[in-house]
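Open the model in your viewer and keep the selection tool at hand. The tour goes stop by stop.

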Amino acid sequence: MPDFPIIDSHVHLWDPTIFRMPWLDGNDLLNKPYGITEFHAHTESVEVESFVYLEVDVAPDLSLLEAQWAADRVREDPTLGAVIAHAPLEYGEQGRAYLAVLMTLSPLIRGVRRLIQGEPDPDFCVRPRFVDGVRMLADYGLSFDLCITHRQLPAAIQLVRQCPDT
């Protein structure tokens, strides 16, 4: 284990008693709460200076609530340094209303992750409205976390090239 404090830049916490997460269906090992207590139990041998919460693919209609819930975890652990939330970037400019509300939830909201790894179209992330959605994140000072499979890598490279300010 490292003998220096680390920043854990990719932490997932969830509570299926609060939020519907279809990907947990049939998975008895994971279909239970994993919160701050469990995070500390799994990292007790490492000094975690700060951590970043990443959205956990809750049902889309619950994603703003998830972002608020995640930001509220700072009350349990002040080492929560940032939250990367879901946003429907495929709506392009129509996503501004969503982002405006997202930004009011907490100053801990620092970025967006829109899972594209499960999209059947390998070029999903270079559709014009999606590119517009990623570009507009810069207007809010938000980063974008890519989550892709190998077959989506060429399109992801194109996306990055088209969004130099995000």
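Select helix 1 (36-42): with three residues, it gives the most to the lining of the second largest pocket. Helices (H or I, at least four residues) and strands (E, at least two) are DSSP runs, numbered from the N terminus. This is a predicted model: local features need pLDDT of at least 70, side-chain atom pairs pLDDT 80 or more, while totals for chains, interfaces and linings use all residues. Residues are numbered from 1 along each chain as its sequence is written, and side-chain values use heavy atoms, without hydrogens and water.

**The second largest pocket**

Add strand 1 (6-11), which also supplies at least two lining residues. Now show the whole lining: His10, Val11, His12, Leu13, Trp14, Tyr34, Gly35, Glu38, Phe39, His42 and Thr43. A pocket is an open set of points on a 1 Å grid over the protein atoms alone, where a 1.4 Å probe fits, with protein on both sides within 12 Å along at least five of seven lines; lining residues have an atom within 4 Å of a point. The space here is about 180 Å³, counted as what is filled by probe spheres set on the points, which are joined across faces, edges and corners. Colour the lining by class: five nonpolar, five polar and one charged. Ala, Val, Leu, Ile, Met, Phe, Trp, Tyr, Cys and Pro count as nonpolar, Asp, Glu, Lys and Arg as charged, and the others, Gly among them, as polar.

**The largest pocket**

Next, select Asp57, Val58, Pro60, His86 and Arg114. The largest pocket has a volume of about 300 Å³. Of its 16 lining residues, those five are the closest to its centre. The lining holds seven nonpolar, four polar and five charged residues.

**His86**

Stay on His86, in the loop between strand 3 and helix 3. Is His86 buried or exposed? His86 counts as buried (under 20% relative accessible area, 1.4 Å probe, protein chains only), because its value is 15%. Beyond residues up to four places away in sequence, His86 touches Glu55, Ser63, Tyr98, Leu102, Val112, Arg113 and Arg114 (contact: heavy atoms within 4.5 Å).

**Helix 2**

Select residues 63-72. Ser63, Glu66, Ala67, Trp69, Ala70 and Ala71 are the buried residues of helix 2. Their cover includes strand 2 (48-54), strand 3 (80-85), helix 3 (96-105) and strand 4 (109-113).

**Asp139**

Finish in the loop between helix 4 (128-136) and strand 5 (143-145), at Asp139. Asp139 is exposed at 53% (the cut-off is over 50%). Its side chain makes a polar contact with that of Arg96, at 2.7 Å. Such a contact is a pair of N or O atoms within 3.5 Å; within protein, one must be able to donate a hydrogen and the other to accept it, and residues adjacent in sequence count only if both atoms are side-chain atoms.
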